[in-house]
Amino acid sequence: MTAAPTTTSGSGRSRADYTGGVYGSMLAASVVIGVGTLGSLPRVELVALLLMTGAVFWLAHVHAQLFGARLAQGAVGRRAVLQVCREEWPILEAAVPPAVAVAISALLPLDMPGTLWLALSVAVAGQVGWSMAAAARAGASWSQMAVSAAVNLLLGLLIVLLKIVLKE
């Protein structure tokens, strides 16, 4: 995870707010779940799907920030665009580890179901990691960080349960 500077944007959000990373990890996990219900898919397509979905959602969040909140405040300049792109970057960044897991799974003795489980595990671990990073950056105590990790682990396990229920 790339550390973001701890300044506040015009939208009032801190660039150290890794909410987008948690969201992006959950999004990646959801993509893996969705692909798993379709049957077998080439690894290259799954990697592309994870990265493209992350990119589309990143762009959607950039667009919403720029033209939702900021446009109402006045003209949007280049500096504001770059700042929002950086603020929302964790959404796309969170898709990379599950995509890498899929890519390297070809080197491991994993079939496609094993690859999906690996990618899902990496996405859930990322979700917990992003939440811990957000809590740490916000100055949370160890107990608050543990609660954040536990809540995100529980959410991740709910996604895993969804995979089990939909199709092993």
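# Note on a six-helix model

1. W58 is buried, its relative accessible area being 14%. This counts as buried because the cut-off is under 20% relative accessible area. The model is predicted, so the values here are computed from predicted coordinates. W58 returns in point 4, where its ring partner is named.

2. The overall make-up comes next. The protein contains six helices and zero strands, and from the N terminus on its elements run α-α-α-α-α-α. Of its 168 residues, 41% count as buried. The accessible surface comes to about 8700 Å², and carbon and sulfur atoms account for 71% of that surface. Among contacts between residues at least 6 apart in sequence, 72% join residues at least 24 apart.

3. How many aromatic pairs does a search of the whole structure find? The search finds two. One of them is formed by Y23 and F57, a tilted pair with 6.2 Å from centre to centre and 55° between the planes. This pair links distant parts of the chain: Y23 is in helix α1 (residues 19-38) and F57 is in helix α2 (residues 43-70), 34 residues apart. Y23 is partly exposed, at 33% relative accessibility. F57 is also partly exposed, with a relative accessible area of 30%.

4. The other pair is that of W58 and W89: the ring centres are 5.3 Å apart and the planes stand at 90°, so the pair is edge-to-face. Because W58 belongs to helix α2 and W89 to helix α3 (residues 78-93), the pair ties together parts that are 31 residues apart in sequence. W58 is the buried partner at 14%, while W89 is partly exposed, with a relative accessible area of 38%.

5. The nonpolar interior deserves its own point. The largest nonpolar core has 20 residues. Those with the most contacts inside this core are V32, V35, L46, L50, V102, L116 and L120. The elements that give two or more residues to the core are α1, α2, α4 (96-105), α5 (112-137) and α6 (142-166). In soluble globular proteins, nonpolar side chains tend to be buried together.

6. Which residues does L120 touch, leaving aside its neighbours within four places in sequence? L120 is in contact with A29, V32, I33, I159, V160 and K163. A second core, separate from the one in point 5, has seven residues, including V62, L66, V84 and C85.

7. G24 is found in helix α1. Is G24 buried or exposed? G24 is buried, with a relative accessible area of 2%. Apart from neighbours within four places in sequence, G24 is in contact with I91 and A94. G24 and A123 are 99 residues apart in sequence, yet their C-alpha atoms are 8.8 Å apart in space.

8. Nonpolar side chains also occur on the surface. V147, V151, L154, L155, L158, L161, I164 and V165 form a nonpolar patch there, and together they have about 710 Å² of accessible area. V147, one of these residues, lies in helix α6. V147 is exposed, because its relative accessible area is 52% and the cut-off for exposed is over 50%.

Conventions: Residues numbered from 1 in each chain as written. Predicted model: local features only at pLDDT ≥ 70, side-chain atom pairs only at ≥ 80, totals over all residues. Heavy atoms only, no water. Phe/Tyr/Trp six-rings, centres within 6.5 Å; stacked < 30°, edge-to-face > 60°. Helix = DSSP H or I, 4+ residues; strand = E, 2+ residues; numbered from the N terminus. Buried < 20%, exposed > 50% of the residue type's maximum accessible area, 1.4 Å probe, protein only. Core = buried A, V, L, I, M, F, W, Y, C linked by side-chain atoms within 4.5 Å. Contact = heavy atoms within 4.5 Å. Patch = residues over 30% accessible without salt bridge, like charges linked within 9 Å, V, L, I, M, F, W, Y side chains within 5 Å. Areas by Shrake-Rupley, 256 points an atom, 1.4 Å probe, with all protein chains shown as cover. Salt bridge = Lys/Arg side-chain N within 4 Å of Asp/Glu carboxyl O.
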